[in-house]
Amino acid sequence: MVIWTLAKKDLRLLLGDRRAVVILLAMPVLFILVLGVALGKDQLRISIVDLDKGEYLQSAGFPPEKWSKMFIQDLKQTAPDIEVEILSLDQGRQKIDARKRAAVLVFGPDFSRKVSQCSFLQDGINPFNRSGVNLALLDAELLRDETQGTAAAIIEQAAQVTLLRIILPWMIGRAFEKVGDPAFLDLLAKEEQVPSMVKSFLNSPLIKKEQKTALGAGLQNALQGLFAKYNLTGKTWETLTQPKSAARAGGKDSGKSALSQNPATDEEGPSFLNRGDLRYQSLVPSYTVMFAFFLVLTVGWLFVSERRQGTLKRLRAAPLSRTEILLGKMVPCFLLSLGQGFFLLAAGKLVFDMKLGHQPFWLAAVVVTTSTAAMGLSLLVASMARTEAQVAIYGTLLVLVLAGISGCLMGDPELMPERMKLLSRFTPHAWAMDAYSQLLLRPEPNLVLVAQACGVLILFGAGFVGLAWWVLRLD
Amino acid sequence: MAAILEVEDLHKNYGATVALNGVSFQVADGEIFGLLGPNGAGKTTLLSIVSCLLAASAGEARIHGQKVDLDNKELRRQIGIVPQELALYDELSGRENLGFFGRLYGMKGAELERRVREVLIAVGLDDRADRRVATFSGGMKRRLNLGAAMVHQPRLLLMDEPTTGVDPQSRNHIFEEIRRLNRAGTTVVYTSHYMEEVQALCPRVGILDHGLLIACDEVPQLLRKQDGLIRFRVPAVTSVLRSRLGQIPESRLVEADSRPLEIVCRDVKPALAQLLAILADLKLEVLSLETEEPNLERVFLGLTGSALRD
């Protein structure tokens, strides 16, 4: 009962403290808001200069558009998170010079012509090299800002994969067409390993051209039957990688139907806040965890002011045990931290449209155990600090260092190098973030990992409270 | 009357510093006992030990015969402490402060409400009870500080310099309340370095200096240990004047170059009457005249050789 009396008084003081409300509730929402907006959309922007004149060969009506357009459409299809920006050559160069873009992909005037010439045949262009696609051979170029090496490399890889995806099926399809070509049968007849009976048949003047064509078609069909999982005449990645029967069922194989399924655009997202973006799934928990530990300041100030105001002396003179006084401090800390945790998750949902996952019980458990650890650390700092300045300096330093080590400060621990991730295991933040990322980012969260993280957080809390008990001097 | 507080050979050391050096005294039930001493004499340490806040290095204190120790919750219920510094929550109202401290002592419900109301009236803050303490003047805070120690109706009220920085009006209010509490049966131990306060309030006084209780007696008894003083100037000190002044009973004349003459006497009033009669008789003009009755300040000076406020 007396513990609740102490707790109620502290809660009343804490809730009446505007500084606490700003630090614990307003600041994290503001941080999430600013970072959420400042980071732009959750997209990889690839800037393209398209000088392609579009001189290309068509094979059975393919490609429907010039190859640079095919590239762009395939790129947009890759993932909705890729944003394509079309620039003029001058704009592209200016943006690289101004460090506004890490890389700009330039398709030269002959890009379509060169891609059309890509072939496995001897007289065709072999665009492949050790790195993937040799851009120079296709009249393409990647302008880079050398100071943004990592970002440029990511863009280059995205471009390489897309190029492979459009060129390789084109080359396979064309090569497969050659299998049925009478010229191919003439070549076959010249091969020494071919049995003489077959050679006689192929070279016989009695065999008509139509019969040879039928033989070619038969060979094609047999090969297609052998590689039944692929449509070897597909010419696009999508059709190449599905059985021919499925492609027929799916309609015409022009490539255009598939491309039109994902009308990705260059436009900005639907709202200023980018509500519902994936980033909020890590930003909100990151700052929920980071600011949970800002409780250190609020509780520290409360403790110090109890000393400064002399009321601690009255508490000590009252018929209270040391345990009751400590518990009387722990309860409001814990309740405040819980309130803060649930408030920030609710704000995440309501303001940023963060998805809360399908495990509300476990989400609540993470809030509760994070609050336990935050309460413990707050009591420890409060036990050691003697002045408000000490609380402000040591508390802020501790909270920011822990948030930095754990990756919460950056809004996403996954951005940290592996060595730092290992170090972050020594912070309660990292364990809390583990649990949150399981629950908020994974469709099928690993609840064993969540439970393990909750257990570690409780251990952190118990350890901090134990230390606080040992360090605390009420006199 | 039975002793409510017994202090016996109490010692307290902070490392090499001796704060209390074998202090012993008793306070009778229903008494207002004054502890007088300069800053650093050990008054706060003594009260801290008696109020279960601090362990003694040696010796013991007993309240109603029970030994004072840090874990004795029952004993704490009988004690009210008014700390030297204000000990209030600025962000809570006066009523909330008193309610909170009352609840710490197990009070609740209507009884607590009634008692809080009584205390607010007693300390003259009933009209401002619901205002935040941060808005109170220094004197009002001091009165509430006293009220916070009274809510649970302690048998023994320990007051550590309760009038520090208080205006005369609030001081009088506090004194009246202490007397009223005492009449209602509360024993008060009042510490101060203001000898006027202690002399006015406490029938019995202990004088503490450097951790030692150098005197402990009723105030008249203490004052009796000191002489009064009459200091005066006349145009010329003649041998006739010296001779006549020497005839004033229970007195002696002190002369020093360029300083006024001084008559040190047991009782100032009759000696002054005789002095004035002699001067009139000799037709000597009085250039200046002042008297000093014996007081605790001079008692302290006499006992320690230094002034109380040094």
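Which residue in β8(B) is the bridge partner of G34(B)? In this predicted model, the partner is Y190(B). The pairing belongs to a parallel arrangement in which strand β3 of chain B, residues 32-36, and β8(B) are joined over five bridges. Strand β7 of chain B, residues 156-160, also pairs with β8(B) in the parallel sense, again over five bridges. Within that second pairing, L156(B) has T187(B) as its bridge partner in β8(B).

Strand β8 itself spans residues 187-192 of chain B and is mostly covered, with six of its six residues buried. The residues of β8(B) point in two directions: T187(B), V189(B) and T191(B) point one way, while V188(B), Y190(B) and S192(B) point the other way. Residues of both sets are buried. Y190(B), the bridge partner of G34(B), thus belongs to one set, and T187(B), the partner of L156(B), belongs to the other.

Chain A has 475 residues, of which 41% are buried. Its secondary structure consists of 21 helices and six strands. Among the contacts in chain A between residues at least 6 apart in sequence, those joining residues at least 24 apart account for 77%.

One helix pair in chain A was examined in detail. Helix α3 of chain A, residues 67-78, packs with helix α6 of chain A, residues 149-179, at an angle of about 120 degrees, and their axes are 9 Å apart. Because of this angle, α3(A) is classed as oblique to α6(A). The crossing of α3(A) with α6(A) is right-handed. On the α3(A) side, the contact is made by M70(A), F71(A), D74(A), L75(A) and T78(A); on the α6(A) side, the residues met are T162(A), L163(A), R165(A) and I166(A). Sorted by class, this contact comprises five nonpolar, two polar and two charged residues.

The two chains also touch each other. In this interface, 21 residues of chain B are in contact with 15 residues of chain A. On the side of chain B that touches chain A, at least two residues each come from α2 (73-77) and α3 (94-104) of chain B. The element giving the most to this side is α3(B), with four residues. By class, the residues on the side of chain B that touches chain A are 13 nonpolar, one polar and seven charged.

Key. Residues numbered from 1 in each chain as written. Chains lettered and ligands numbered in written order. Predicted model: local features only at pLDDT ≥ 70, side-chain atom pairs only at ≥ 80, totals over all residues. Contact = placed C-beta atoms within 7 Å. Nonpolar A, V, L, I, M, F, W, Y, C, P; charged D, E, K, R; others polar. Axes fitted to C-alpha atoms, helices over the stretch in contact; angles between N-to-C directions. Parallel < 35°, antiparallel > 145°, perpendicular 65-115°, else oblique. Left-handed = near helix turned anticlockwise from the far one by under 90°. Buried ≥ 20, exposed ≤ 12 C-beta atoms within 10 Å, placed from the backbone. Pairing = 2+ DSSP bridges.
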